[in-house]
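Visitor: Could you take me through one part of this model in close detail? I'd like to hear about the empty space inside.

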Amino acid sequence: ERGKEGGFPRQEGAFKGGARCSGLAAGHKHLQPADVHTDIHIAQKKKSIRLAIKIGDQQKAERIFKELYDAGVVPEVSLCNLAMNAYARDGDIARAEKWFMTMRSMGLTPNKNSYNMIIDACVKAD
């Protein structure tokens with residue numbers, strides 16, 4: 001169907017001139033039309049991350065995170081915390097810590113929940 005790519009409606013001229021997409025964390029690069037088509041597309045990707053984590057498919061969640069990040073979208077802290085929590089629940093300190101460091105490398109500031117998840121991972125590992 002005309003005007004659609006990848007199953008998502010494409011808004012002609014969306015992000016023209018590198019305009020910022022609303023609702024994204026500060027510090028992300030400007031998006032171009034070929035990168036991410038709409039806020040709806042981004043929301044769908046974030047929903048897919050949440051669902052993958054909920055069903056225990058952390059690899060899929062990480063792959064989608066990477067797709068978004070490579071497209072210039074920096075997820076919010078709460079979404080990173082969700083991913084980190086999946087590893088903390090299993091007592092996987094290394095993976096939880098990796099997510100913590102990834103958040104910081106993306107320019108995000110971990111919040112108290114982020115620190116609590118690292119502590120939880122340590123408690124559950126013992």
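Which residues line the largest cavity?

Guide: Happy to. Keep in mind that this is a predicted model, where local features need pLDDT of at least 70, side-chain atom pairs count only at pLDDT 80 or more, and totals for chains, interfaces and linings use all residues. Residues are numbered from 1 along each chain as its sequence is written, and side-chain values use heavy atoms, with hydrogens and water left out.

Now, your cavity: its lining is made up of Ile53, Gln58, Ala61, Glu62, Phe65, Ala83, Tyr87 and Trp99. (On a 1 Å grid over the protein atoms alone, a cavity is a set of points where a 1.4 Å probe fits but cannot get out, and lining residues have an atom within 4 Å of a point.) About 30 Å³ of space lies in there, a volume being the space filled by probe spheres set on the points, which are joined across faces, edges and corners. Searching the whole structure turns up one cavity of 30 Å³ or more.

As for who builds the wall, α2 and α3 (77–89) each supply at least two lining residues, and the largest share, four residues, comes from α2. Those helices are DSSP runs (H or I, at least four residues), numbered from the N terminus. By class, the cavity lining has six nonpolar residues, one polar and one charged; Ala, Val, Leu, Ile, Met, Phe, Trp, Tyr, Cys and Pro count as nonpolar, Asp, Glu, Lys and Arg as charged, and the others, Gly among them, as polar.

Conventions. 1 Å grid on protein atoms, 1.4 Å probe; cavity = no way out; pocket = protein on both sides within 12 Å on 5 of 7 lines; lining within 4 Å.
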